[in-house]
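Trainee: Please take a single part of this model and go through it closely. I would like the cut-offs behind each term as you use it.

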Amino acid sequence: KMEDDERRAEIEALEMMYSCNRISEDSKNKSISFRLELETLGLALLFDIPSTYPEASPPGVVATTLHHSTLSRTTLKNINDAFKESELLHPWKGENCLYDMVLWFQENGEEIIRNCSGSGTKEGGEARSPGSGPKEEKASMRTSNFKSNEEKSGILMNSTVEGEAASSDDGERKKTAKKKNATIKEELLHMRQWIWFIGFYTRKIIKAFVRCAGEKGLTGFLMPGKPGVACLEGPESSINDFLRITRTQLFASVAPSSRKMKLIHHESITSESRCFDSFSEVEMACLSGTHKRKDLTDLGELQRFLKNAGCGHAFSLIFNN
């Protein structure tokens, strides 16, 4: 009964993150089938979860095309063949992996589609001839405008002499005012950046991430786990500086396969409309009730946390991109 509950909880977590539809549920064999859509790739994943998952056998997963997709049969076959040979299935580790499988299709499917689409041609589209297109039109416009620009330059040169007589003090005042306005704008206009991580576990890096964000004057939170989520609030320059440090220093010792970080969405805010007073680590419950490395985070708890903080709209932005 406990294993069946964990299996259902894992499926329900996917339903919160993606567009899913239950196809069937066999109460006798305790198998569950559902369809998960990946709109950006034009793919639908058909899952068949046996009662022996995850201990004894993996789930059945087949990629098919959405009705509006232009993917060819060859591309679809290449995607499914590559998945069958993936390390997720060979050897079977007896671990919960539905989320990892969806990530595999998101990350590898895009590359396979790109490789199959051919040079300069979208699948289902037409190749553009090398000499045609916008560049040719722009060149023509530059030629036709050359004379008129040359004629205008004579008038501009005559008026330049008069313009140089303007006070240099006036120019300095304008520069000072512009700089002051930019400073005020920087102080008032802030940004809220949402970040998704494939997984975030290492305690040392978690502490460094939270400490560095605080030092930069940012507010928000980091939710470690699988998946990991972070919210950064503050001046855009401070956020960009923090992200540079994160990529070049904090994650320098992490294996490339584990440091996948995606900037999901950013929105303009003011210094007064921040949702958080400081930057901190928040820990959500896991679906299994433990905090083992492979456990999926209870996203229902995250959704409630965001709603209470006044940014509930972000949940769909994070998990529907």
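**The sheet, its first hairpin and the helices on it**

Mentor: Four residues separate the strands in the hairpin of β1 and β2, and lysine 30 there has a positive phi near 55°. Strands here are DSSP runs of E with at least two residues, helices are runs of H or I with at least four, and both are numbered from the N terminus. The model is predicted, so local features need pLDDT of at least 70 and side-chain atom pairs count only at pLDDT 80 or more, while totals for chains, interfaces and linings use all residues. Residues are numbered from 1 along each chain as its sequence is written, and side-chain values use heavy atoms, with hydrogens and water left out.

The two arms of the hairpin, β1 and β2, are antiparallel and share seven bridges; a pair of strands requires at least two bridges found by DSSP. Serine 19 has glutamate 37 in β2 as its bridge partner. Lysine 28 sits in the loop between these strands. Its relative accessible area is 75%, so lysine 28 is classed as exposed; the class exposed starts over 50%, buried means under 20%, and partly exposed is in between, with a 1.4 Å probe and protein chains only. Although 23 residues separate lysine 28 from serine 51 in sequence, their C-alpha atoms are 9.9 Å apart.

The hairpin belongs to an open antiparallel sheet of four strands, ordered β1-β2-β3-β4. β1 (19-26) and β4 (60-65) form the edges, each pairing on one side only. From one strand to the next, the twist averages 15°. In general, sheet strands pair through backbone hydrogen bonds, in either a parallel or an antiparallel sense.

Further into the sheet, β2 (residues 31-38) runs antiparallel to β3 (residues 43-49), and seven bridges join them. One of the paired positions is serine 33, whose bridge partner in β3 is aspartate 48. Helix α2 (residues 73-84) packs on the sheet and touches β3 and β4, with a direction at about 165° to that of β4. Contact is defined as heavy atoms within 4.5 Å. For the angles, axes are lines fitted to C-alpha atoms, taken over the stretch in contact for helices, and values run from 0 to 180 degrees between N-to-C directions.

The loops leading on from β3 and from α2 each contain a cis proline. Tyrosine 53 and proline 54 are joined by a cis peptide bond with omega about 5°, and proline 54 is in the loop between β3 and β4. Histidine 90 to proline 91 is also a cis peptide bond, with omega near -10°; proline 91 is in the loop between α2 and α3.

Helix α3 (residues 98-117) lies across β2, β3 and β4, at about 155° to β3. Its 20 residues should span 28 Å at 1.5 Å a residue, which agrees with end C-alpha atoms 28 Å apart. That expected span is 1.5 Å times one less than the number of residues. The helix nevertheless has a kink of about 30° centred on asparagine 108, where the bend is the angle between axes fitted to the seven residues ending there and the seven starting there. Buried residues of α3 include Leu98, Met101, Val102, Trp104, Phe105, Gly109, Ile112 and Ile113. An α-helix has 3.6 residues a turn, so residues three or four places apart point the same way.
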